[in-house]
Amino acid sequence: AILHAVLARRADSISALVRLVRSLSTRMADCSYADKVIKALRKKLRHIEEIKARQTSGTVLDAQQRATVAREGQIAAELAAVESGAPMGAPPPTPPLGGAGGRAEQGSEARRREPKPDKREREAKKRKADAHAAVPAPAAPAPSGDVCGFCRQTGHKASLCSFGRGASERVQLCPSVSPSACCVPRLFVLPMRRCAWDFDPAMLRAGRVDVGLRCASAALFRSQGLRRNTQIALCFEGEPTAEAEGAAIAAGRPLGARSLALSGGLARDLRPDEFSLALRVREALDDKNGGHSTACSLDEAGFATSTLKGFEWQLGGALETLTRAVRAYATSSPPAYPPTATSAAIAGSSTPALGPVSRRPRPPAIFVLDGKGEPIESVCARMCAEPPE
């Protein structure tokens, strides 16, 4: 009996404590809800005061603003009633976090937390859209206005380009017109005294043919393409084998040193690796007509895609190649092709300058490259400072 009495008293105490906690929670909720209502009503009254101030300054109010001002007395009465402690309606129930309402509330909170795009980003996008809209649409090209992507001439496509058939069409100059950095043809003459023209592409270290091919790759290749104003002459001055000499005599080909000129403005489908270059070079050296001449004998489509185009060999070594380059410059007149190219002097090239010119520029400059010599930059600077003869 004593135990039951003690348990009953404890149960009554726990029940009373629970009722007290619930009462305090309800009162706290009512107070927080009342504070929110008071804050909202005061905000509405401040908004009405701002509208009335704008009306006083001469602003004409619209229908919605006039209706808001008309509710000033009603809002003031509601505020006075809430502040005096008058009973209010129950606050709106809070949806459970796990239900649909909770998910919607969480979604709205996430949207509110998303960073808004920066003002500068919005302005940049707007300027970009305005500039894109202001650019006029390109005019439709004429029926015969095809622009060749190879020689930059109009009237034909790159698949039918005939640039290179002429004796003076070996390099292509860029459209630069800056006098301080004009585009000029360049010819690199590389003596290869130990290399024979019948080298084996699978054994490039014999005679150090690999070094010559690396020089050719460095001279012709640049990022995203070839240097179209550059040629390199590989002068094979070594002694060929007896079998190669016999085969050349039987085929009616002349004997002696051979110099192969690779033109960056003509060759197509070149690869910078040594083995690919060796195959192309050997194919041209084995051609009895000189390589490029065989390509010129083909039709337009065959010439444009020929692997021999831009590979032209002649008899003689480095000295004969330089002599031919200087004589070709002295005896030829610069042609007017292509019209977009600039007039420039030849820097040791066998090809005259492309583009219309009114007078012959300075004579070609011949540089002998040596590992212990003066840097090319200082030599060029000194030559530019000297007055023309």
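Colleague: In this predicted model, which residues of the largest nonpolar core touch the most other members?

Modeller: That core has 31 residues. Among its members, three touch the most others: F236, L260 and V281.

Colleague: Nice, and which elements give two or more residues to this core?

Modeller: Both helices and strands contribute here. The helices are α6 (209-220), α7 (242-250) and α8 (274-285). The strands that give two or more residues are β4, β5 and β6.

Colleague: Let's stay with F236. Which residues does F236 touch, leaving aside those up to four places away in sequence?

Modeller: F236 reaches L260 and V281, and also L285. A257 and R258 are on its list too. The remaining contacts are M192, C195, A196, W197 and F199.

Colleague: Is strand β5 largely enclosed or open?

Modeller: Buried means under 20% relative accessible area. R258, L260 and L262 point one way from β5, while S259, A261 and S263 point the other way, and all are buried. That makes six of the six residues in 258-263, so β5 is largely enclosed by the rest of the structure.

Colleague: Which residue of β6 is the bridge partner of L260?

Modeller: β5 pairs with β6 (residues 311-315) in the antiparallel sense, over five bridges. Within that pairing, L260 is matched with W313.

Colleague: And what is the bridge partner of A233 in β5?

Modeller: Here the pairing is between β4 (residues 230-236) and β5, antiparallel over six bridges. The β5 partner of A233 is A261.

Terms used: Residues numbered from 1 in each chain as written. Predicted model: local features only at pLDDT ≥ 70, side-chain atom pairs only at ≥ 80, totals over all residues. Heavy atoms only, no water. Buried < 20%, exposed > 50% of the residue type's maximum accessible area, 1.4 Å probe, protein only. Helix = DSSP H or I, 4+ residues; strand = E, 2+ residues; numbered from the N terminus. Pairing = 2+ DSSP bridges. Core = buried A, V, L, I, M, F, W, Y, C linked by side-chain atoms within 4.5 Å. Contact = heavy atoms within 4.5 Å.
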